[in-house]
Amino acid sequence: MPEIHQARRVRAQELVRALGADAVLVTAAPNVRYLTGLASSNAALLLPADAADGAGVLATDSRYALAARRDAPDLELITDRSIEGKLAAEAARRGVRTLAFEAHEMTVERHAALAARAEGVATVPFGRKIEELRMVKDPSELELLAAACRISSQAIADVLPRIGPGLSERSLASLLDYRMTQLGADRPAFETIVASGPNGAIPHHAPTDRPLRRGDLVTMDFGARYGGYHADMTRTVAVGEPAGWQRDVYDLVAEAQRTGIEAVAIGAEVGAVDAAAREVIEAAGHAEHFGHGLGHGVGLEIHEAPMLGYGAAGKLADRVPITVEPGVYLPGKGGVRIEDVVVVTAGGGARILTSTTRELLVL
C-alpha cells in the first residue's frame, strides 16, 4: 500500500516544515513502519521537509533489504548495518542544515554518534509528532485492529469451557495464546496476564503454576496482534458460585466501564473520560483500589497515545481507538478488571470492537 504510506509522509513533512527543519530522521520502529510499511528491527527513514527533495531515504541492513524493496518501492534504499550514522552522513551530503530527530527514543550515546557523522548539521528534537499522527487511524488500520479484536474475542469464547478448578494460571495463559495463533494472530500482542484468587489484586500479575480453585475470581488480560496491530481486552470470570462481595465488586466495575464508554465522544477531554468512570468507583468507597489510568490508545503499539488517566491532557477525535479498563483490586482477596477496545466515531459515541460478553460468567 505505497499510496497510504506516501500520504502519511506528506502529513509528516508538513510537521517538519512547521518546525523549521530541513529533514527529520525517524528512528522509532513503529514510526518507520507507519511511514514506509517496513516492519524491521533495524531501519530508519530520512524524510526531507520538501517533497521536491525526494520521497525519502530508507535505510536498513541486508536482512530486510528484500522486504524494503517489496514494501517501500517508492523510497530510495540504503543497505547498511549502521543505519543512523549512514543517514546522518547522507543528510550532510545533501545539504541539510537542520535535522530533526526523535529524542524520546534516542540515547545520548546514539545521538553523539549521529552528530559526529552529520558534520555541519544542527540537530533539533522533533517531539512525538509521528505518534500524534498515528492516533487517528485510517480505514485500513481500523480493519486490521478490528480483525485483531475479533481473534481475541473468539479465542476467549473458545477457551472459556476449559476453565475450571485445577487448571493453572500458566496453562490458561498458554491456551489463550495458542488459540489466538490458531485463529490467525501474528502472535500475542503482549504477555498474557492470568490472575486468580488473591493474585487478582495485582493488576499486572505474571501467571504462575497456582491452580484455579472454586471461589476464585480469574482475571485474563490478553490480545492478538494482527497485521502489526494490537488488540487488548480483559475479562474476569468466577470459578464456582461467587460470593456476595465478588458480585458487588464485579457489578461496580461493570458500571464504571459503562459510564466511561458513555463518556467517549469526539472532543471529549481524556481526563474527563477517566473521571467519569473513576467517580463511580470512588463513590462506592474504592478510590484507593483503582490506581491506574482508565485506558490508552492502541495500534502499532500496545500502549500508545492518547493516555486516559488522571492529569492526562488532550481531546478525543474521530477514528481514535482506545481501551476502557477500570478495575478494583482488593489486597489479599482478589480483583476485577473489564476492558474493551472502542473506537471514537463521528456518528456519536464509541464503537466497541471486542465483542465477548461483559456479564459475570460463572464457570
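**Close-up views of a predicted model**

**View 1. A salt bridge between Arg225 and Asp186.** In this predicted model, Arg225 forms a salt bridge with Asp186, and the closest N and O atoms of the two side chains are 3.7 Å apart. Arg225 lies in strand S10 (residues 224-226) and Asp186 in the loop between H8 and strand S7 (187-188), so the pair ties together parts that are 39 residues apart in sequence. With a relative accessibility of 40%, Asp186 counts as partly exposed.

**View 2. A salt bridge between two helices, H7 and H8.** The side chains of Arg179 and Asp158 meet in a salt bridge, with 2.7 Å from N to O. This pair links distant parts of the chain, since Arg179 belongs to helix H8 (residues 169-182) and Asp158 to helix H7 (residues 139-159), 21 residues apart. Arg179 is partly exposed at a relative accessible area of 25%, and Asp158 likewise counts as partly exposed, at 28%.

**View 3. The pair Glu241 and Arg247, and a salt-bridge network.** Glu241 forms a salt bridge with Arg247, the closest N and O atoms being 3.4 Å apart. Here Glu241 counts as exposed, at 57% relative accessibility, whereas Arg247, at 33%, counts as partly exposed. Elsewhere, Glu76, Glu90, Arg93 and Arg94 are joined into one network by salt bridges that share partners. The structure holds 24 salt bridges.

**View 4. The open sheet of six strands.** The strands follow the order S4-S3-S2-S1-S5-S6, and their pairing is mixed. Strand S4 (76-79) and S6 form the edges, each pairing on one side only, and the twist from one strand to the next averages 25°.

**View 5. Strand S5 and its partners S1 and S6.** Strand S1 (residues 23-26) and strand S5 (residues 98-101) pair in the parallel sense over three bridges; within this pairing, Ala23 has Leu99 as its bridge partner, and Leu25 stands opposite Phe101. Four bridges join S5 to strand S6 (residues 122-125), again in a parallel arrangement, and there Ala100 stands opposite Val124. From S5 the chain crosses through helix H5 (residues 108-117) to S6, in a β-α-β crossover that is right-handed.

**View 6. Helices H2 and H4 lying across the strands.** Helix H2 (residues 29-36) lies across S1, strand S2 (43-48) and strand S3 (57-60), and runs at about 55° to S2. Helix H4 (residues 83-93) lies across S1, S2, S3, S4 and S5, and runs at about 15° to S2.

Technical notes. Residues numbered from 1 in each chain as written. Predicted model: local features only at pLDDT ≥ 70, side-chain atom pairs only at ≥ 80, totals over all residues. Heavy atoms only, no water. Pairing = 2+ DSSP bridges. Right-handed = clockwise from strand over helix to strand, strands pointing away. Axes fitted to C-alpha atoms, helices over the stretch in contact; angles between N-to-C directions. Contact = heavy atoms within 4.5 Å. Salt bridge = Lys/Arg side-chain N within 4 Å of Asp/Glu carboxyl O. Buried < 20%, exposed > 50% of the residue type's maximum accessible area, 1.4 Å probe, protein only.
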